[in-house]
Amino acid sequence: VFQTNPGIRYMSGTPARALSTATWSGGMPATFGTATFANFKYSLYCTYTTGAAPILTVLPTSISLGSASGSTGTFSITSNTTWSITDDAGWLDVSPLSGSNNGTITVTANSANTGASARTATVTISGIGVTSKTVTVTQAAPSVTTLGNTTIYTSSATLSNRVAMPVTFTEAGSIQSVTIYHNGGTGNVLLGVYSNAGTAPATQLGVTASTPINASAGWQTVPLISPVSVASGQTVWLSFVFQTNPGIRYIAGTPARALSTATWSGGMPATFGTATFANFKYSLYCTYTTGAASSSLSVTTDQPKSAEIATAITPEVKSADLKVYPNPFSDKLNFEFVPADDAHAVLEIYNMLGQKIVSLLDRQVEGGVMNRVEYAPTEIISGIYIYRLTLDGKTSVGKVIYNK
């Protein structure tokens, strides 16, 4: 029924049409009502579906993945229609991305979660004639644990020698830092990790930067310059040497510690060297992550070798106009610089493998004008990082320590 009939196409034919006495005001009531019939048919049709109505069911609606790259999970689609899938995360791969009828979908983390907290992604499944469904995918953060002696012992040793204590891992992981309890004082401390040769420390695996010790008694954690990967069942030696030993807490016990003849001037060399052993253990432990794959550097014939990467981030120019503070930092890192002339500025942060962590600036800057850039990391671990500021091809590079 039309309010104002514009003209309906028809022709003679059967079956006969029904003509109600009602017009627009009668609308479309529950019953058609009285009608007359005549052999006319109209240009009029309906569209309909055959079989069952379209459905789309997705289970489960949430999936948890491990923190390692390559962690996978699945969900199932029950449907009688065509569907397609999208997601909102670059770290997630989904397969297949489209189909019809029922299907099993695999989601895979294409990178390790190295952040301090879990990260999530939303997978959206859309189909013809149905309401879209979503699946939440959560990738766990690597678990953080300790190994060593977390007890504060009562006796204090003031040896000036380099000392090492063995620890054995029951699962694979990556050592991030070494923590020691001391009585507080002045001077610096070096902490390190050495491999095990029989029952003695051997080759240096990792070391901290020379770090001022805390003035008051307590635990002091110092990040390694580069994390140390360890395997399940592997024994390593945690080592320390103080410029002026403030008193290290210890107790009699096994396994025996190793005592080098070297003192502060000997630092943390490539090999631990000759040592004597005695049954003492210290308030000393390491913190390590498990679950996420450790950082690696793949090299192909078309990529720069690690030595070339190291060269690429070696300082060319140390600009007196560039200020980076505070260093070390635990919250925010500030960069300030004044270019002499107009220039294109690129400011980037790299890890110690030469892998770019973040690009903070990539734009034209005006000569003689102060530029300030703030960096507040959210997903990196404690350690040493490299900044690189390039102004029209002239580069200033330096190191910063992040102590989360």
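## Loops, cores and overall form of a predicted chain

S69 lies in the loop between strand 4 (62-65) and strand 5 (72-79). The model described here is predicted. S69 has a relative accessible area of 39%, and because buried means under 20% and exposed over 50%, S69 counts as partly exposed. Not counting residues up to four places away in sequence, S69 touches A109, N110, S111 and A112. The distance to N39 is of another kind: S69 and N39 are 30 residues apart along the chain, and their C-alpha atoms are separated by 73 Å.

Two other loop residues can be described in a similar way. G33 is placed in the loop between strand 1 (10-20) and strand 2 (35-42). Its relative accessibility is 49%, so G33 counts as partly exposed. G33 and A22 are eleven residues apart in sequence, with a C-alpha to C-alpha separation of 8.5 Å. N101 is found in the loop between strand 8 (98-100) and strand 9 (103-109). N101 is not a glycine, yet its phi is positive, at about 65°. With 42% relative accessibility, N101 also counts as partly exposed.

The three loop residues are set out below.

| Residue | Relative accessibility | Class |
|---|---|---|
| G33 | 49% | partly exposed |
| S69 | 39% | partly exposed |
| N101 | 42% | partly exposed |

The loop between strand 24 (323-325) and strand 25 (333-337) holds P326. P328 is found in the loop between strand 24 and strand 25 as well. Both prolines follow a cis peptide bond: one joins Y325 and P326, with omega about -10°, and the other runs from N327 to P328, with omega near 5°.

Turning to the interior, the largest nonpolar core has 26 residues. Those with the most contacts inside this core are F169, I175, V236, F240, Y282 and L284. Several strands each supply at least two residues of this core, among them strand 14 (163-168), strand 15 (173-182), strand 16 (188-197) and strand 19 (218-230). Strand 20 (235-242), strand 21 (248-260) and strand 23 (284-290) do so too. A second, separate core has 21 residues, including I77, W83, L92 and V107.

What does F169 contact, leaving aside its neighbours within four places in sequence? Its partners are L147, I175, V230, A231, S232, G233, Q234, V236, C286 and Y288. Of these, I175 and V236 are also listed with F169 among the residues with the most contacts inside the largest core.

At the level of the whole chain, there are one helix and 30 strands. The radius of gyration is 35 Å, whereas a compact globule of 404 residues would have one near 22 Å. Along its principal axes, the C-alpha trace spans about 115 × 60 × 45 Å. Buried residues make up 38% of the 404 residues. Among contacts between residues at least 6 apart in sequence, 69% join residues at least 24 apart.

The chain exposes about 21,300 Å², and carbon and sulfur atoms supply 53% of that area. Its side chains include 20 positive and 18 negative ones. The centres of these two sets of charges lie 10 Å apart.

Technical notes
Residues are numbered from 1 along each chain as its sequence is written. This is a predicted model: local features need pLDDT of at least 70, side-chain atom pairs count only at pLDDT 80 or more; totals for chains, interfaces and linings use all residues. Side-chain values use heavy atoms; hydrogens and water are left out. A nonpolar core is a set of buried Ala, Val, Leu, Ile, Met, Phe, Trp, Tyr and Cys residues joined through side-chain atoms within 4.5 Å. Buried means under 20% relative accessible area, exposed over 50%, partly exposed in between (1.4 Å probe, protein chains only). Helices (H or I, at least four residues) and strands (E, at least two) are DSSP runs, numbered from the N terminus. Contact means heavy atoms within 4.5 Å. The radius of gyration is taken over C-alpha atoms; the globule rule is 2.2 Å times the number of residues to the power 0.38. Accessible areas come from the Shrake-Rupley method with a 1.4 Å probe; for residues, only the protein chains shown count as cover. Lys and Arg count as positive and Asp and Glu as negative; His and the chain ends are not counted. The place of a charge is taken as NZ of Lys, CZ of Arg, CG of Asp or CD of Glu.
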